[in-house]
Amino acid sequence: MRFLPAGDNATLVEFDGLDETMAYYRALTLDPPAALVDLVPAARTVLVMFDGARQPILDWISAVTPSASTDEDRYDTVTIPVIYDGEDLDEVAGLTGLTTAEVVAAHLDQTWTVAFGGFAPGFGYLVGTDTRLHVPRRTSPRTSVPAGSVGLAGEFSGIYPRSSPGGWQLIGHTDAQLWNLDREPPALLRPGTTVRFERA
């Protein structure tokens with residue numbers, strides 16, 4: 001782990017990879033000190049925001065033992081209904097060596113976890129337990145991807161919360177509302193949330 005200053009009241013903690021980042025993020029949420037303001041995970045980092053002196057926060061982070069697995073009782077579980085009609089479903093089947101039915105089954109049958117958020121408000125980067133669906137991004141991104149599109153890219157699955165450009169492989173769509181300012185919290189998918197997909 002490496003500490004990088006990020007202003008007067010924040011430290012960016014850098015890790016070797018996604019698994020280590022998620023393990024430390026889970027551990028840091030368990031018993032935070034009163035001075036902690038927020039934790040913002042990403043693919044290889046956790047931004048730690050605090051109120052007060054820096055050194056006690058660094059000492060606390062250094063003393064934390066990473067949590068190897070998610071305590072599902074501590075996090076929300078969200079079920080997302082999906083219609084598997086994505087434009088890239090056949091392409092994903094070709095890339096993985098699976099049939100389209102097997103691609104859908106693999107997406108449905110595994111448990112996904114929100115590793116971090118980004119790209120757009122409400123967009124969660126989901127990691128699963130089945131490596132067969134790891135596929136590259138499209139060689140030519142779309143200028144407009146419809147809201148609710150469910151896609152795959154690299155080791156992640158994700159859902160576009162609004163229409164936007166994007167290069168993920170689209171396998172389906174959902175009517176789930178991922179971002180709603182009238183809801184508390186506005187994001188349906190937050191880091192640590194367990195996600196299960198089901199056929200709509």
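The following paragraphs describe a predicted model, beginning with a sheet and ending with a pocket.

The sheet is open and consists of 7 strands in the order β5-β13-β6-β7-β10-β9-β12, with mixed pairing. Its edges are formed by β5, residues 77-82, and β12, residues 169-173. Each of these two has a single partner strand, so one side of each is left without a neighbour in the sheet. On average, and with direction ignored, neighbouring strands are turned by 35° against each other.

The pairing may be followed from the β5 edge. Strands in a sheet pair through backbone hydrogen bonds, in either a parallel or an antiparallel manner. Strand β5 runs parallel to β13, which spans residues 194-199, and 6 bridges join the two. Within this pair, V82 stands opposite R199 of β13. Strand β13 also pairs with β6, here in the antiparallel sense and over 2 bridges. T113 has T194 in β13 as its bridge partner.

At the other edge, β12 is joined by 4 bridges to β9, residues 149-153, and the two strands run antiparallel. S149 has its bridge partner in β12, namely H173.

Two helices may be placed against these strands. Helix α1, residues 18-28, packs on the sheet and touches β6 (112-117), β7 (124-127) and β10 (156-159). The direction of α1 makes about 90° with that of β6. Helix α3, residues 89-96, lies across β9 and β12 and runs at about 125° to β12.

The loop that leads into β9 deserves separate attention. It connects β8 (142-145) with β9 and contains G148. Is G148 buried or exposed? Its relative accessibility is 6%, and G148 therefore counts as buried, since the limit for that class is under 20%. Leaving aside neighbours within four places in sequence, G148 is in contact with I159, Y160, G172, H173 and T174. H173 is thus a contact of G148 as well as the bridge partner of S149. By contrast, R138 is 10 residues from G148 along the chain, and the C-alpha atoms of the two are separated by 18 Å.

The last feature is the second largest pocket, which has a volume of about 210 Å³. Of the 15 residues that line this pocket, L39, V40, P41, G117 and P191 are the closest to its centre. Strand β3, residues 36-41, provides the largest share of the lining, with 4 residues. By class, the lining comprises 10 nonpolar, 3 polar and 2 charged residues.

Note on methods: Residues numbered from 1 in each chain as written. Predicted model: local features only at pLDDT ≥ 70, side-chain atom pairs only at ≥ 80, totals over all residues. Heavy atoms only, no water. Pairing = 2+ DSSP bridges. Axes fitted to C-alpha atoms, helices over the stretch in contact; angles between N-to-C directions. Contact = heavy atoms within 4.5 Å. Buried < 20%, exposed > 50% of the residue type's maximum accessible area, 1.4 Å probe, protein only. 1 Å grid on protein atoms, 1.4 Å probe; cavity = no way out; pocket = protein on both sides within 12 Å on 5 of 7 lines; lining within 4 Å. Points joined across faces, edges and corners; volume = space filled by probe spheres on them. Nonpolar A, V, L, I, M, F, W, Y, C, P; charged D, E, K, R; others polar.
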